[in-house]
Amino acid sequence: MPIALERVRVDPALASGSFVTTVTDVVGFFTFLGLASLVLL
């Protein structure tokens, strides 16, 4: 990912924060849904 960001002339250190936040939110969301579906069965 950092190499692709450098090719588009974006600072990888600044742009990686949004990627980390997105991945964390998606994983947390699906973990929450998975646990909720297990509890509701």
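This passage walks through a predicted model of a single chain, from its overall build down to a few of its residues.

Let's start with the big picture. The chain has two helices and zero strands. The helices are H1, covering residues 2-7, and H2, covering residues 12-39. Measured out along its principal axes, the C-alpha trace spans about 50 × 15 × 10 Å. Of the 41 residues, just 7% count as buried. The chain exposes about 3700 Å² in total, and carbon and sulfur atoms supply 74% of that area.

Next comes the loop between H1 and H2. Val 8 sits in this loop, and so does Arg 9. Val 8 has a relative accessible area of 58%, so it is exposed, given that the cut-off for that label is over 50%. Arg 9 is exposed too, with a value of 79%. The backbone at Arg 9 deserves a second look. Most residues other than glycine have a negative phi. Arg 9, which is not a glycine, has a positive phi, near 65°. As for distances from this loop, Val 8 and Asp 25 are 17 residues apart along the chain, and their C-alpha atoms are separated by 25 Å.

Now for helix H2 and its aromatic rings. The count of aromatic pairs in the model comes to one. The partners are Phe 29 and Phe 30, whose ring centres are 5.6 Å apart and whose planes make an angle of 70°. Why is this pair called edge-to-face? The label applies because planes over 60 degrees apart count as edge-to-face, and the angle here is 70°. Phe 30 has its place in helix H2. Are the two rings' residues buried or exposed? Phe 30 counts as exposed, at 54% relative accessibility. Phe 29 has a relative accessible area of 48%, so it falls in the partly exposed class, between the 20% and 50% cut-offs.

Both of these residues also belong to something wider. Together with Val 26, Phe 32 and Leu 33, Phe 29 and Phe 30 make a nonpolar surface patch of about 530 Å².

Thr 31 is another resident of helix H2. With a relative accessible area of 42%, Thr 31 is partly exposed. A polar atom of the Thr 31 side chain lies 2.7 Å from the backbone oxygen of Val 27. That is a polar contact, because the pair of atoms falls within the 3.5 Å cut-off. Looking further along the chain, Thr 31 and Gly 17 are 14 residues apart in sequence, and their C-alpha atoms are 21 Å apart in space.

How values were computed: Residues are numbered from 1 along each chain as its sequence is written. This is a predicted model: local features need pLDDT of at least 70, side-chain atom pairs count only at pLDDT 80 or more; totals for chains, interfaces and linings use all residues. Side-chain values use heavy atoms; hydrogens and water are left out. Rings of Phe, Tyr and Trp (its six-membered ring) pair if their centres lie within 6.5 Å; planes under 30 degrees apart count as stacked, over 60 as edge-to-face and the rest as tilted. Buried means under 20% relative accessible area, exposed over 50%, partly exposed in between (1.4 Å probe, protein chains only). Patches are made of residues with over 30% relative accessible area and no salt bridge: like charges are joined within 9 Å, nonpolar side chains (Val, Leu, Ile, Met, Phe, Trp, Tyr) within 5 Å. Accessible areas come from the Shrake-Rupley method with a 1.4 Å probe; for residues, only the protein chains shown count as cover. A salt bridge is a side-chain nitrogen of Lys or Arg within 4 Å of a carboxyl oxygen of Asp or Glu. Helices (H or I, at least four residues) and strands (E, at least two) are DSSP runs, numbered from the N terminus. A polar contact is a pair of N or O atoms within 3.5 Å; within protein, one must be able to donate a hydrogen and the other to accept it, and residues adjacent in sequence count only if both atoms are side-chain atoms.
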